[in-house]
Amino acid sequence: MPLAQTATTVPVVVNDDLCIADKGCTVCVDVCPLDVLRIAVKDDGTKTAYMKYDECWYCMPCEADCPTDAVTVNLPYLLK
Amino acid sequence: MDEILDSSNTLECDILIIGGGTAGPMAALKAKKKNPKANVVLLDKANVKRSGAISMGMDGLNNSVIPGYATPEQYTKEITIANDGICDQAAVYRYAEECYGIIQELDSFGIRFQKDENGEYDVKKVHHIGTYVLPMPNGDTVKKALYRQLRKARINIVNRYMATRLLTGEGRVAGAICVNTRTAEFLTVKAKAVIMGLGAAGRLGLPTSGYLYGTYENATNSGEGYAMAYHAGAGLANLECYQINPLIKDYNGPACAYVAGPLGGYTANAKGERFIECDYWSGQMMQEFYDELQGGKGPVYLKLNHLAEETVAEIERVLHIVERPTRGHFHAGRGTDYRKQMIEMHISEIGFCSGHSASGVFVDEHARTTIPGLYAAGDMANVPHNYMLGAFTNGAFAGLDAAEFIEDVDFASFDEGEVIAERDRVLAPTKRDDGIPPNQIEYKTRRLVNDYLQPPKVTAKMELAQQRFEEVREDMEQGMYVRDAHELMRALEASTILDCAEMAAAASMYRTESRWGLYHNRVEYERDDENWFCHTILTKGADGKPTHKKQEVKPYIVEIEDDEKDAYYKQRVTSTVAAE
């Protein structure tokens with residue numbers, strides 16, 4: 001039985017223009033208590049952080065600790 | 001990252017501390033200070049920099065016992081009454097005596113506590129009887145301050161490893177089996193003593209939003225401490241005394257009376273009337289809250305719109321930077337403003353948490369569990385209403401006692417077969433080609449918790465819950481499926497949550513009386529001091545199912561007069577305060 005591909009909108013948004021994952025930064029990935037963030041390779045070959053798993057407590061270490069203010073924590077749609 | 005690797009390692013240490021939130025770091029610091037030669041390992045399934053219930057700090061101490069404002073006798077009396085009499089006072093009394101020293105130590109770490117113009121601690125009254133609430137002006141820095149101390153003390157930190165089972169042998173603790181949350185690699189830790197500070201079972205009930213992680217507790221606190229203690233054979237106390245809190249509806253964070261109350265905010269009904277005299281969280285208060293919601297006078301609200309602008313601004317400043325700082329984002333998104341309207345509140349999902357109630361692994365005043373060498377502190381240990389300062393202080397007790405314990409013992413031997421069996425259990429969902437993902441196992445368990453276990457508790461409903469949990473367990477054990485190491489962590493959490501759900505049902509069925517207000521409101525039974533003035537202790541039986549016994553409440557150190565013991569049941573406002 002294959003698994004369904006149900007889409008969900010995610011609360012943590014990363015501004016690619018500000019994110020310095022390409023320079024090796026992984027602060028937001030490191031600090032997330034629920035470990036939901038990862039680094040992706042973009043089409044142009046550079047890297048950015050993104051929210052891979054929709055399992056967010058909207059607690060904010062990722063936003064607070066980001067050195068370039070690239071991360072914004074929104075409320076998950078189901079409760080906002 | 002997240003690819004499942006096949007590997008296992010072994011680590012030896014003197015003291016293993018599982019959980020790097022609040023109690024764990026303090027236990028580590030105290031143990032290392034007492035015995036600088038000890039090899040102390042602090043392990044967390046997240047990153048100690050930002051792990052645990054206080055990942056974004058805390059707005060204040062809810063239960064500080066500061067000379068000149070409160071006495072250990074008064075605090076012990078208050079908590080005994082708030083916890084409906086079921087309290088071994090020694091642990092509460094020792095906490096009350098020693099927490100002031102911990103406050104001074106935290107102060108030396110750079111965590112500041114509010115002082116008035118005379119330089120005295122600015123303690124506020126929120127509880128029914130005494131004065132214990134102390135604001136923390138830079139409460140957002142707590143985790144960073146702790147982390148600096150851990151580095152300075154050379155504590156060995158192991159991040160992103162999740163402990164799944166404790167090891168025991170020779171009648172005491174022997175270590176723990178752990179799994180890397182990003183690679184599924186195994187780590188068997190042999191330890192002479194183990195301190196558990198794994199937080200609440202916060203993902204037990206399902207929040208009304210339906211979002212699995214929109215819980216009151218940090219959603220990473222999914223109850224591993226409770227499940228591991230259970231499987232190791234430790235006693236768990238009074239699990240039927242659930243945690244249920246009054247929260248901002250949907251946002252599901254604290255409203256927060258401890259900040260707003262002393263400045264004039266209060267909980268009101270739909271007419272803007274105050275209906276409870278005291279906003280301090282207790283089962284008795286939650287019953288009044290529930291009655292108001294159900295009795296046609298709800299919704300219930302946090303009322304601040306009668307306060308002066310500078311007061312509201314001060315409340316906002318505190319509430320929107322610490323503990324749950326996204327609260328400001330939530331209100332902005334809703335267009336709600338404390339100045340203009342009351343904020344709708346609701347009742348949280350159920351959980352286990354001694355930080356606010358009394359459901360926890362049984363410990364004495366040294367934080368010792370019923371297994372020699374195994375300690376528990378913080379939200380998961382059954383010192384009632386112990387909050388953040390209780391986690392720090394009881395964590396300190398655990399660290400000090402463990403440092404002594406290890407001096408006389410070597411590693412306990414254990415059955416290697418247990419490690420192999422646990423490896424098979426953990427990895428089973430990775431060996432299937434398809435099946436049920438952990439989020440569906442978890443959702444179903446937690447939805448059933450809401451349907452059948454939420455108070456008011458009804459025997460027939462709880463029996464149904466037990467049947468349905470068994471069906472889910474069968475599905476989980478035979479059919480759960482994961483695709484990567486991250487999902488495997490969620491699968492292990494789903495298993496923990498199901499264990500906790502089964503314990504919640506069993507414990508609630510065993511105590512055939514009502515106690516702790518809403519927390520254990522069993523509609524078929526009245527309070528029964530003659531038969532139930534006792535702890536209930538749940539352990540794992542020979543058949544693998546929960547078994548129970550009654551345990552005497554130790555003789556009180558601080559006597560409670562007959563006319564005082566129901567003080568927390570007398571909270572309803574009799575003549576209502578008119579709305580502004």
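Me: How do the axes of helix α1 and helix α3 of chain B cross, and within what distance do they come?

Reply: An approach distance and a crossing angle together describe how two helices meet. In this predicted model, helix α1 (residues 23–34) of chain B and helix α3 (residues 89–108) of chain B have axes that come within 13 Å and cross at roughly 90 degrees. Angles of 65 to 115 degrees count as roughly perpendicular, so α1(B) is roughly perpendicular to α3(B).

Me: Which residues of α1(B) and α3(B) meet, and how do they divide by class?

Reply: From α1(B) come B:Met26, B:Lys30 and B:Lys33, which meet B:Ile102, B:Glu105 and B:Leu106 of α3(B). By class, this contact holds three nonpolar and three charged residues, with no polar ones.

Me: How should the open sheet of four strands in chain B be read, and what is its order?

Reply: A sheet is read through its strand order, its pairing and its edges. Here the order is β14-β9-β16-β17 in chain B, and the pairing is antiparallel. Strands β14 (360–361) and β17 (546–552) of chain B form the edges, each pairing on one side only.

Me: How many bridges join β16 to β17 in chain B, and which residue stands opposite B:His535?

Reply: Strand β16 (residues 534–540) of chain B is joined to β17(B) by seven bridges, and the two run antiparallel. Within this pair, B:His535 has B:Gln551 of β17(B) opposite.

Me: Which helix packs on the sheet, and which strands does it touch?

Reply: Helix α14 (residues 485–510) of chain B packs there, in touch with β9 (236–237), β16 and β17 of chain B. The direction of α14 makes about 45 degrees with that of β17(B).

Me: Turning to the interior, how many cavities of 30 Å³ or more are counted, and what is the volume of the largest cavity?

Reply: A cavity is described by its volume and its lining. The count is eight cavities of 30 Å³ or more, and the largest has a volume of about 640 Å³. Its lining comprises 47 residues, with B:Gly52, B:Ala53, B:Ile54, B:Asn221 and B:Asp379 nearest the centre. Both β6 (161–169) and α10 (387–405) of chain B supply at least two residues each to this lining. By class, the lining of the largest cavity has 21 nonpolar, 18 polar and eight charged residues.

Me: What volume and lining does the second largest cavity have?

Reply: The second largest cavity has a volume of about 120 Å³ and is lined by 17 residues. Nearest its centre lie B:Asp88, B:Phe362, B:Val363, B:Asn382 and B:His535. B:His535 is thus a link to the sheet: B:His535 also stands opposite B:Gln551 in β17(B). Nine nonpolar, four polar and four charged residues make up the lining of the second largest cavity.

Technical notes: Residues numbered from 1 in each chain as written. Chains lettered and ligands numbered in written order. Predicted model: local features only at pLDDT ≥ 70, side-chain atom pairs only at ≥ 80, totals over all residues. Heavy atoms only, no water. Pairing = 2+ DSSP bridges. Contact = heavy atoms within 4.5 Å. Axes fitted to C-alpha atoms, helices over the stretch in contact; angles between N-to-C directions. Parallel < 35°, antiparallel > 145°, perpendicular 65-115°, else oblique. Nonpolar A, V, L, I, M, F, W, Y, C, P; charged D, E, K, R; others polar. 1 Å grid on protein atoms, 1.4 Å probe; cavity = no way out; pocket = protein on both sides within 12 Å on 5 of 7 lines; lining within 4 Å. Points joined across faces, edges and corners; volume = space filled by probe spheres on them.
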